[in-house]
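Colleague: I have a chain to look at before I go to the bench. Can you take me through its contacts?

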Amino acid sequence: MSEINIPPDMECCEEYTVKHENTAKVIGSGDVGVLSTPSMIAFMEYTAWKCVQKYLPPNLTTVGTHVDVYHVKPAPVGCKVKVKVKLLKVEGRKLTFEVKAYWNDIEIGKGIHERFI
């Protein structure tokens, strides 16, 4: 594997707009028109992937291997959700991130996400 220099304690943030297709009702994870847990997790995974990808050689990428999150508050269609990720640990090719999602200043989700190079 090529030399990889991922900054320790790397942090990234992305913002997403909750769309109708991101709702629990559409995804099939419930019957309410709010941000679904699977969509929140997808936002978290994408943010972590994008964060680390810029430090990898073009022939490498990461794949998600583990997600352990709590979805603690709803977020309505049309709102902006901010996802923050922080690299906690690098163990060989395994990367462990702290992931958090916010609507305004309200934490709506949090947990751990692992990716593998």
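What follows is a set of questions and answers on this predicted model.

Colleague: Which helix or strand gives the most to the largest nonpolar core?
Modeller: The core has 29 residues. Strand S1 (11-17), helix H2 (37-53), strand S3 (80-91) and strand S4 (94-103) each supply at least two of them. Seven residues come from the top contributor, and that is H2.

Colleague: Which residues touch the most other members of that core?
Modeller: The core is a set of 29 residues. Those with the most contacts to other members are Ile-6, Met-10, Leu-35, Val-81, Val-83, Val-85 and Phe-97.

Colleague: What does Phe-97 touch, leaving out residues up to four places away in sequence?
Modeller: Phe-97 is among the core residues that touch the most other members. Charged side chains are on its list too, including Lys-86 and Arg-115. The full set is Met-10, Ala-48, Val-52, Val-85, Lys-86, Leu-87, Leu-88, Gly-111, Ile-112, His-113 and Arg-115.

Colleague: Now the charged pairs. How many salt bridges does a search of the whole structure find?
Modeller: Side chains of opposite charge can pair when their charged atoms come close. One of the pairs here is Lys-110 with Glu-107, with the closest N and O atoms 3.9 Å apart. The search of the whole structure gives five.

Colleague: Which residues are joined into one network by salt bridges that share partners?
Modeller: Start with Glu-91 and Lys-94, whose side chains meet at 3.6 Å, N to O. Lys-94 also meets Glu-114, at 3.8 Å. Salt bridges that share partners thus give one network: Glu-91, Lys-94 and Glu-114.

Colleague: How many residues apart in sequence are the parts tied together by Lys-94 and Glu-114?
Modeller: The two side chains form a salt bridge. Lys-94 lies in strand S4, and Glu-114 lies in strand S5 (residues 106-116), so the pair ties together parts of the chain separated by 20 residues.

Colleague: Is Glu-114 buried or exposed?
Modeller: Look at its partner Lys-94, which is partly exposed at 27% relative accessibility. Glu-91 is also partly exposed, at 39%. Buried means under 20% relative accessible area. Glu-114 has 18%, so it counts as buried.

Colleague: What about the Lys-110 pair: what is the relative accessible area of Glu-107?
Modeller: Lys-110 is partly exposed at 35%. Glu-107 is partly exposed too, and its relative accessible area is 24%.

Colleague: On to the strands. Over how many bridges do S4 and S5 pair?
Modeller: S5 also pairs with strand S2 (residues 63-71), in the antiparallel sense over eight bridges. S4 and S5 are antiparallel as well. Their count of bridges is 10.

Colleague: Which residue in S5 is the bridge partner of His-71?
Modeller: S2 and S5 pair in the antiparallel sense. Ala-101 stands opposite Gly-109 in S5. The partner of His-71 in S5 is likewise Gly-109.

Colleague: Which residue takes a positive phi in the hairpin of S4 and S5?
Modeller: The hairpin has two residues between the strands. The phi in question is near 55 degrees. It belongs to Asn-104.

Colleague: Aromatics next. Why is the pair of Tyr-16 and Phe-43 called stacked?
Modeller: A pair of aromatic rings is described by the distance of the centres and the angle of the planes. Planes under 30 degrees apart count as stacked. Here the centres are 4.3 Å apart, and the pair is stacked because the planes are at 0 degrees.

Colleague: Which elements does that pair link?
Modeller: Both residues are buried, Tyr-16 at 12% and Phe-43 at 10%. They are 27 residues apart in the chain. The elements are strand S1 and helix H2.

Colleague: At what angle are the ring planes of Tyr-46 and Trp-49?
Modeller: Both lie in helix H2, three residues apart. Tyr-46 is partly exposed at 41%, and Trp-49 is partly exposed at 27%. The centres are 5.5 Å apart, and the pair is tilted because the planes are at 35 degrees.

Colleague: Last one: which residue lies over the face of Tyr-102?
Modeller: The distance to the ring centre is 5.2 Å. The residue is Lys-84.

Conventions. Residues are numbered from 1 along each chain as its sequence is written. This is a predicted model: local features need pLDDT of at least 70, side-chain atom pairs count only at pLDDT 80 or more; totals for chains, interfaces and linings use all residues. Side-chain values use heavy atoms; hydrogens and water are left out. A nonpolar core is a set of buried Ala, Val, Leu, Ile, Met, Phe, Trp, Tyr and Cys residues joined through side-chain atoms within 4.5 Å. Buried means under 20% relative accessible area, exposed over 50%, partly exposed in between (1.4 Å probe, protein chains only). Helices (H or I, at least four residues) and strands (E, at least two) are DSSP runs, numbered from the N terminus. Contact means heavy atoms within 4.5 Å. A salt bridge is a side-chain nitrogen of Lys or Arg within 4 Å of a carboxyl oxygen of Asp or Glu. Two strands pair if DSSP finds at least two bridges between them. Rings of Phe, Tyr and Trp (its six-membered ring) pair if their centres lie within 6.5 Å; planes under 30 degrees apart count as stacked, over 60 as edge-to-face and the rest as tilted. A charge sits over a ring if NZ of Lys or CZ of Arg is within 6 Å of the ring centre and within 35 degrees of the ring normal.
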